[in-house]
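Subject: Structure for you to look at

Hi,

Here is the structure I said I would pass on. Have a look at it first, and then read on for what I found in it.

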Amino acid sequence: MDGKESEFKHCFLGNGVLGIKRETCNKWERRAPLTPSHCARLLHAGRMPGSHGVKRILVQPCTKRIFNDAQYENVGCEISEDLSACGLIIGVKQPQLGAFLAERAYAFFSHTHKAQPENMPLLDEALSKKVSLYDYERIVGDRGERLVAFGEYAGTAGMIDLLRGLGERYLNLGYSTPFLSIGSSFMYTSLSAAKAAVLAAGDEIRTDGLPFQISPIVFIFTGSGNVARGALEVFRLLPHTFISPSQLSQLEDTISKEQLDSSALGSKCRKRSFRVYGCVVTAEHMVEPNDSTKAFDKENYYAHPERYHPVFHIKIAPYASVIVNCMYWERRYPCLLTNEQLRELIIAQTKANTRGTNNGLVGIADITCDIGGSIEFVNQTTTSEKPFYRYDPLLNVYSDNLNGSGVFVLATDNLPTELAKEATKHFGDALLPFLPNMVHSASLSELLHPIQLACIAHKGKLTSLYEYIERMRLSNSRESLSETNGKREFTYKTMVSLDGHLFDQSLINEALDVIEKAGGRFRIASCELGQTVDATSHAELEVMAWSEEALCNIVDQLASVAHRSEQRMTKNNVSNGSISESFQLETDAITKGTSDGQASNGVLIIGAGRMCEPAVNYLSYHGIGVIVASFYMEDAKKATRGIPNTVAVQLDVTNAAQLSSLVSKVSVVISLLPPDFHVLVAKCCIESGRHLVTASYVSAEMSGLHDLATEANVSLLCEMGLDPGIDHMMAMKTIDAAHANGGQIVSFVSYCGGLPSPACADNPLGYKFSWNPAGALKAGRNAASWKEAGKLMHIPGDELFSSAIPLRLSKCPAFAFERLPNRDSLQYGDLYGISAEASTVFRGTLRYEGFSDIMNSLANLGYFNREPCALLQSSEGVDLRRPSYKALLRELISQLQKEKGLDDSGFFSTQISKLDPDLFLSIGCCKSQTSAQRVSSCMRHLGLDANEDIPAVCKSPFEALCARMEDKLTFGPEEQDMVLLHHEIEIKYGHGHCSEKHVATLLEFGDMGTVTKDPFQKNHSAMARTVGLPAAVGAELLLAGRINLRGVLRPLHPQIYAPVLEALQSSGINIKEHIDRV
């Protein structure tokens, strides 16, 4: 790319003013590139001192946009038809011809980078008006992955619409089903409402069943990308069972036997079906090798589809009720289903259904909307208002109604706009990080690298990466074909086939350079464009030269390009374990290609403690392969026992070679090790190009890896537990919403505690441990800082327990809590972006009332002293009996007596024997009689007065106390824990508006003691679920490519917290929210 830019007299580029254009392509396009909340964040950042954020946002008025003009105006945007003040104008779809403003930058889906002829007039106008053009489709990461897209919403909307059509079609066939209560996606106010309708239908199926005549209902899903994931997400809301393709032929027989069983209602009454069935098929189930002695080979099939023949219509389609087509397809591959194959299938099923059943193929959902593509009879698109048509293969007739013979078809174009609100939010989350750079950049060199890659044209000129567009257009013109090189005619010609990532990685430029530099010419005979990151493109070139020797030389050089690109891809992709085919050249009988080995798209969990099992269950349930690694093999086996798609391995994390080998086998790593090991794992992930998730705080050493991780295109997603983790997400959800609506945070208060349930809080401390107590006790000696009513507050670590204050929560009146300040609350004001506006920022730890009083007394007695104690030091080579806990107590009290100048007259010895409360008052370690009684009761419960020997590993009073607590205060196998996370956020709005207090509470109890046979529903503690599940969801999002932020991350961005909170709610972790007027 040329860094020399011509300057205009008045350059709008980089002026910091952003415009959002109105969508005009069709009436159903209600999406926008940004939500009002996104705009609020941009403007809020732009007002910060020294910020290079967005100064102004101008929004063209629109009455059909999913977010109305007033919502944008309320957050500080300007509603204006005139966008001429904007340097950068963004939209979703292409503007109308003639709408470009000269010398501005535009970003939208332009569909020009592959020289699509229908979009060349738009490109010509952009070039003539000296426009800079960014194409969202070309904003990609270092591995070619799309960073800005509408995600899975095509599959989600398409599946919901399909269920609506299924209900209508079955009704026309004479059967009432719960699907009839489901509407199209756009009929609901939100995706949550649509999912609720699907869940309600699922409940009805689960309770009342489906007619036996149409059972089993089998959904066949093709593809495994974002579209398929969205469709499967909706399907899983129904009561379902997944089966493999090999089980399809036996399924109907199995169900039929069950249905034919006699019942109390008579032998003619058959059982109804109370579930639906799903089957995901891939290429190996759709075709077979022509050579029956050979097995299916994916790489070979993609390179040589002519060596395979289709079998989908024989082995899969006969057992399908519905086919949900989510796969990318090119014309060189066999069709999934031809008109003739469908005709034969319907004839066979009609004969079979003479028994009074109607359980054949009912419908097709071509969510990819590939007209004339893999499903031959899908020859027209449908619209949101008319989403279905019917095709009768026996008569080869199409009809707009669903009443009659044949199958119904859904082929709606632009499905994500039916979920306009969620799609806009998802898209804006992805686009938002790039906008400050885009709106302030006047030259190519100032742009972030992904945006440079997406810049089709800059100031009216095609950038070097896209110069091939003009060359491809010229190659097909009559003038270029008639050109000659002097007197030499281009009489020697051959057809060359190019396959691979031609446009994604500029390989087409290299190929055309070779032809032209050798004095040849070319003509593009055909071009098929890959529509996904993984899909390749295919181009047929007629290559011409003035001699046979020159033509052979060109072909040889093209082969050399193929070889170099293969090596380049091998080098670039070794970090993610997948070497993909880059460029394949075929000429006549000569074929040169590459093969690739597929990396496991799974997760490695290191550490097999209590937090591990909920994460394993979640990931496995969602079809993700999991490796669990632990230093102790038995722990890894326990975490994976009975869970499908999991592997247990032994790992010494300090063995660099072993760690690297395991990390390289997966795409995402979850570290549930102690925090000291996270940096070691993180460095290995950066070297291997793998993402990492932890539930621990970001340490200074971890923070120092940010730049390295960013350069390696790696996400180190930290603080993905409960606290820290869910607390961040709850906070940012409210704070971002407040800022989006023009509010300011006045007060932020957060409490969190992991406690025994009230029934199990059966000791004086009201506390129990699920792991070694040392960590929790050390946290009780951390200094704390916070801001309260505008004043900065600080408590030294040795005074923390004495600072506890009783707390009653109005929404949890049965609990008697106390709160302790939790470390440095001030940093969260900065992290949350509220330091300048909030007069109170406080994060506290919850305990049952009396806990801190006892702990403070134990600290005063000396039990928190971590220095080696002479009494507990064993003499080497001398066989001495270990001191008892009572002896240690006497020693500690004796030291206090000496410090306070008290006389040891035997009175204290008597009191020690009784653990008399007056003893603790007299030596000054307690402040009141109540406090003294509490500590006396606790010490008796712990056995700190026992004549039992202290273990030899204990060298200090602190270690002795931990040993006693670990022995006396651990959860029993049937005991239940409790987690409480509570936020109170006061928000002040503009003049004339009341302030509001937003209260959110998460209260979870462990499910220990319950009995379940479901391998995915093991019993877990509340703490294990609320720590393990967020980490697992984070890994799932990284696997799906839904998090494109890189470096060291916390879950503070809506791209992270919004889907995680939604997934947690779906998993049964509910957050109750309400608003109080202040």
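A quick definition before anything else: helices here are DSSP runs of H or I with at least four residues, strands are DSSP runs of E with at least two, and both are numbered from the N terminus. Counted that way, the chain has 35 helices and 39 strands. Please keep in mind that this is a predicted model.

Some overall numbers to begin with. The chain has 1078 residues, and buried ones make up 55% of them. If you take the contacts with a separation of 6 or more, 70% of them are between residues 24 or more positions apart.

Now the sheets. One of them is an open sheet of eight strands with mixed pairing, and its order is S3-S2-S1-S4-S5-S6-S17-S18. At its edges are S3 (78–79) and S18 (461–462), each of which pairs on one side only. Further in, S6 (residues 132–135) and S17 (residues 455–458) run antiparallel and are joined over two bridges. If you want a spot to zoom in on, Leu-133 stands opposite Ala-457 in S17. Helix H1 (residues 36–46) packs on this sheet, where it touches S1 (17–20) and S2 (56–59), and its direction makes about 150° with that of S2.

Another open sheet has seven strands, this time with parallel pairing, in the order S26-S25-S24-S27-S28-S29-S38. S26 (646–650) and S38 (1047–1049) are the edge strands here; each has a single partner strand, so one side of each is left without a neighbour in the sheet. From one strand to the next, the twist averages 20°. Within this sheet, S24 (residues 603–606) and S25 (residues 626–630) pair in the parallel sense over four bridges, and Ile-606 stands opposite Ala-629 in S25.

Helix H22 (residues 678–688) is worth a look too. It lies across S24, S27 (668–671), S28 (691–694) and S29 (715–717), and runs at about 160° to S28. How many of the eleven residues in H22 are buried? Eight are, which leaves the helix mostly covered. Among the buried ones are Val-679, Val-681, Ala-682, Cys-684, Cys-685 and Ile-686. Just after H22, Gly-689 takes a positive phi of about 70°.

On to empty space inside the model. There are three cavities of 30 Å³ or more. The second largest has a volume of about 80 Å³, and its lining consists of Pro-216, Val-218, Leu-248, Leu-251, Glu-252, Pro-318, Tyr-319 and Asn-359. By class that comes to six nonpolar, one polar and one charged residues. Which helix gives the most to this lining? That is H7 (residues 248–259), with three residues.

Last, a loop residue. Pro-868 sits in the loop between H28 (851–861) and H29 (885–900). Is Pro-868 buried or exposed? Its relative accessibility is 59%, and exposed means over 50%, so Pro-868 counts as exposed. Leaving aside neighbours within four places in sequence, Pro-868 is in contact with Gln-873, Lys-955 and Ser-956. Its C-alpha atom is separated by 8.8 Å from that of Cys-954, although the two residues are 86 apart along the chain.

Cheers

Methods
Residues are numbered from 1 along each chain as its sequence is written. This is a predicted model: local features need pLDDT of at least 70, side-chain atom pairs count only at pLDDT 80 or more; totals for chains, interfaces and linings use all residues. Side-chain values use heavy atoms; hydrogens and water are left out. Two strands pair if DSSP finds at least two bridges between them. Axes are lines fitted to C-alpha atoms, for helices over the stretch in contact, and angles run from 0 to 180 degrees between N-to-C directions. Contact means heavy atoms within 4.5 Å. On a 1 Å grid over the protein atoms alone, a cavity is a set of points where a 1.4 Å probe fits but cannot get out, and a pocket is an open set with protein on both sides within 12 Å along at least five of seven lines; lining residues have an atom within 4 Å of a point. Grid points are joined across faces, edges and corners, and a volume is the space filled by probe spheres set on the points. Ala, Val, Leu, Ile, Met, Phe, Trp, Tyr, Cys and Pro count as nonpolar, Asp, Glu, Lys and Arg as charged, and the others, Gly among them, as polar. Buried means under 20% relative accessible area, exposed over 50%, partly exposed in between (1.4 Å probe, protein chains only).
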